[in-house]
Amino acid sequence: MNARLCALLAGLLLALPSHAWDVGEFRNGMSRAEVEAALKTWKFDRTLTIGSDGLFAYDYPANPAGRRFLFTFCSDRLVAFEQEVTPAFRHFVIIASNYANLYGNPLKVIPYSSVVANGEKNLLAMFWRKGADYMGVKYVLHPTSEQLSMSWQISNNCWQAPR
């Protein structure tokens, strides 16, 4: 490549927005304090710190809202957001189909099976990339239940995205 083209590409990369994804009030790069402040307006039943890099906000089972959000931080900056949705394999297919129509074939597919205390756990996760963002959908089939979540991630220095 010639020097002018290299300089142009470097300038474009530097001009990319520092906040890649934006979901509701939550955007990549927010500090933990900013996320906690934004969560106060959502009035979750409980917010729980998970390890040194996670924040889990959820409603109790009796609450009809049934919301569950997981925030993951790297160096006190938000790098991943996961939202659980009503679990059903049909919903997984619809979400995956919509992402495939928007972004093409998945960048990464993770099939996983393991044995847990009460039986077998199966997981199927798919991730797509748009610019610096990774969007994903994950379906987990437990022996007595199922779980479905959507995630937004960005590359960071703490772990390799997508995961």
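Leaving aside neighbours within four places in sequence, Ser151 makes contact with Phe81, Glu82, Phe127, Tyr134, Met135 and Gly136 in this predicted model. Ser151 itself belongs to strand S10. With a relative accessible area of 7%, Ser151 falls under the 20% limit and therefore counts as buried.

One of the contacts of Ser151, Glu82, leads on to the largest pocket. This pocket has a volume of about 230 Å³. Its lining comprises 14 residues, and those closest to the centre of the pocket are Leu70, Glu82, Lys138, Gln153 and Arg163. Two or more lining residues come from each of the elements S5, strand S6 (77-85), strand S8 (119-130) and S10. In character, the lining divides into eight nonpolar, three polar and three charged residues.

Strand S5, which contributes to that lining, also carries one end of a disulfide. The structure holds one such bond, and it joins Cys74 to Cys158 with an S to S distance of 2.1 Å. A disulfide is a covalent bond between the sulfur atoms of two cysteines. Cys74 lies in strand S5 (residues 68-74), whereas Cys158 lies in the segment after strand S10 (146-154), so the pair ties together parts that are 84 residues apart in sequence. Because the torsion about the S-S bond is about 80 degrees, the disulfide formed by Cys74 and Cys158 is right-handed. The two cysteines can also be described by their accessibility. Cys74, at 6% relative accessibility, counts as buried, while Cys158, at 45%, counts as partly exposed.

The backbone deserves attention as well. Most residues other than glycine have a negative phi, and most peptide bonds are trans. Against that background, the loop between S5 and S6 is of interest, for it contains Ser75 and Asp76. Ser75 has a positive phi of about 50 degrees although it is not a glycine. Asp76, likewise not a glycine, has a positive phi of about 65 degrees. With a relative accessible area of 66%, Ser75 is exposed; Asp76, with 40%, is partly exposed.

The remaining backbone feature concerns a peptide bond. Ala161 and Pro162 are joined by a cis peptide bond, with omega at about -5 degrees. Pro162 lies in the segment after S10, the segment in which Cys158 of the disulfide is also placed.

How values were computed:
Residues numbered from 1 in each chain as written. Predicted model: local features only at pLDDT ≥ 70, side-chain atom pairs only at ≥ 80, totals over all residues. Heavy atoms only, no water. Disulfide = S-S within 2.5 Å. Helix = DSSP H or I, 4+ residues; strand = E, 2+ residues; numbered from the N terminus. Buried < 20%, exposed > 50% of the residue type's maximum accessible area, 1.4 Å probe, protein only. 1 Å grid on protein atoms, 1.4 Å probe; cavity = no way out; pocket = protein on both sides within 12 Å on 5 of 7 lines; lining within 4 Å. Points joined across faces, edges and corners; volume = space filled by probe spheres on them. Nonpolar A, V, L, I, M, F, W, Y, C, P; charged D, E, K, R; others polar. Contact = heavy atoms within 4.5 Å.
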